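Biologist: Let us walk through the ligand site, one question at a time. Please keep the answers brief.

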Amino acid sequence: MVKLDTKIVAFHKVTSAHYNLLLTADPSKEIVDSYLDRAYKFELINCGKLLGVILLIDTRPKTVEIVNIAVDESVQNQGLGEKLLHFALNWAKEQHYSTVEIGTGSTSFAQLYLYQKCGFRVTNIDRNFFVDNYPEPIIENKLVLKDMIRLKKSII
Ligand code: ACO
């Protein structure tokens, strides 16, 4: 179990440890690089060790999108992902955003569970998003990933 002295703080300098985590959420370095510079970046640290990241970008007025969330595999399923999501929702509220969006693969069952548990609702499907935007097929939960499920949560 992870000790309870975890903290979530903003970071600006991206290290290889950050990259390793970011690439578990999004296997395309090109796509990660496309949002990295302009993203609001937060890291979850436990006893000086990097255990998680969450990145958000501005999309439309008063809307911010969580474009990347990742927790170190060794400490998954211990509530840290939920902690990062609640942090991001609180941060967005403090910054006066009204909507937080997130997208994930249609085959990402655990992620879809977690996001809906945190109050996100499905809004639409980007059909063939992963076929059209990724050079290699992505296999997840024994399925070829094709479609992106988009969800959002109102925070007003
Ligand atoms: N089906 C349904 N629920 C599942 C499954 C499954 N196959 N596997 C695990 N769960 C549940 C767990 O039981 C837990 O729920 P509970 O607390 O109600 O019991 C929940 O999923 C996981 O919650 P946390 O422990 O808070 O989350 P965790 O710390 O594991 O982080 C995360 C979740 C960030 C998705 C992590 O698994 C991860 O880093 N995965 C790899 C990267 C990734 O896929 N990132 C998201 C991509 S989409 C995006 O970035 C916008």
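Biologist: Which residues come nearest to the ligand?
Modeller: This is a predicted model, so read every value as computed from it. The shell around the ligand holds 24 residues. Those that come nearest are Ile69, Val71, Asn77, Gln111 and Tyr113.

Biologist: What lies 2.5 Å from an oxygen atom of the ligand?
Modeller: Polar contacts are counted for N or O pairs within 3.5 Å. The side chain of Gln76 has an N or O atom 3.4 Å from an oxygen atom of the ligand. The 2.5 Å distance from a ligand oxygen belongs to an N or O atom in the side chain of Tyr113.

Biologist: How much of the ligand does the protein bury?
Modeller: Start with the ligand taken alone, which exposes 1000 Å². Of that area, the protein buries 73%.

Biologist: Which residue offers a backbone N or O atom to a nitrogen atom of the ligand?
Modeller: Here the ligand side of the pair is a nitrogen. The distance is 2.8 Å. The backbone atom belongs to Ile69.

Biologist: Where does the ligand sit?
Modeller: A molecule is placed in a pocket if more than half of its atoms lie within 2 Å of the grid points. The ligand is assigned on that basis to the largest pocket.

Biologist: Which elements give two or more residues to the shell around the ligand?
Modeller: Both helices and strands contribute. The strands are strand 4 (63-71) and strand 5 (99-105). The helices are helix 1 (16-25), helix 3 (80-94) and helix 4 (109-117).

Biologist: What is the volume of the largest pocket, and which residues are closest to its centre?
Modeller: The volume is about 1200 Å³. The lining has 45 residues. Closest to the centre are Ala25, Ile69, Thr104, Gln111 and Tyr115.

Biologist: Which element gives the most to that lining?
Modeller: By class, the lining has 24 nonpolar, 13 polar and eight charged residues. Seven lining residues come from one element. That element is strand 4.

Biologist: How many charged residues does the shell around the ligand have?
Modeller: Nonpolar residues number 12 in this shell. Polar ones number 10. The charged residues number two.

Biologist: What is phi of Asn77, and where is Asn77 found?
Modeller: Asn77 is among the residues nearest the ligand. Its phi is near 65°, a positive value in a residue other than glycine. Asn77 is found in the loop between strand 4 and helix 3.

Biologist: Where does Lys62 lie?
Modeller: Lys62 also has a positive phi, near 60°. Its loop runs between strand 3 (49-58) and strand 4.

Conventions:
Residues are numbered from 1 along each chain as its sequence is written. This is a predicted model: local features need pLDDT of at least 70, side-chain atom pairs count only at pLDDT 80 or more; totals for chains, interfaces and linings use all residues. Side-chain values use heavy atoms; hydrogens and water are left out. A residue is near a molecule or strand if one of its heavy atoms lies within 4 Å of it. A polar contact is a pair of N or O atoms within 3.5 Å; within protein, one must be able to donate a hydrogen and the other to accept it, and residues adjacent in sequence count only if both atoms are side-chain atoms. Accessible areas come from the Shrake-Rupley method with a 1.4 Å probe; for residues, only the protein chains shown count as cover. On a 1 Å grid over the protein atoms alone, a cavity is a set of points where a 1.4 Å probe fits but cannot get out, and a pocket is an open set with protein on both sides within 12 Å along at least five of seven lines; lining residues have an atom within 4 Å of a point. Helices (H or I, at least four residues) and strands (E, at least two) are DSSP runs, numbered from the N terminus. Ala, Val, Leu, Ile, Met, Phe, Trp, Tyr, Cys and Pro count as nonpolar, Asp, Glu, Lys and Arg as charged, and the others, Gly among them, as polar. Grid points are joined across faces, edges and corners, and a volume is the space filled by probe spheres set on the points.
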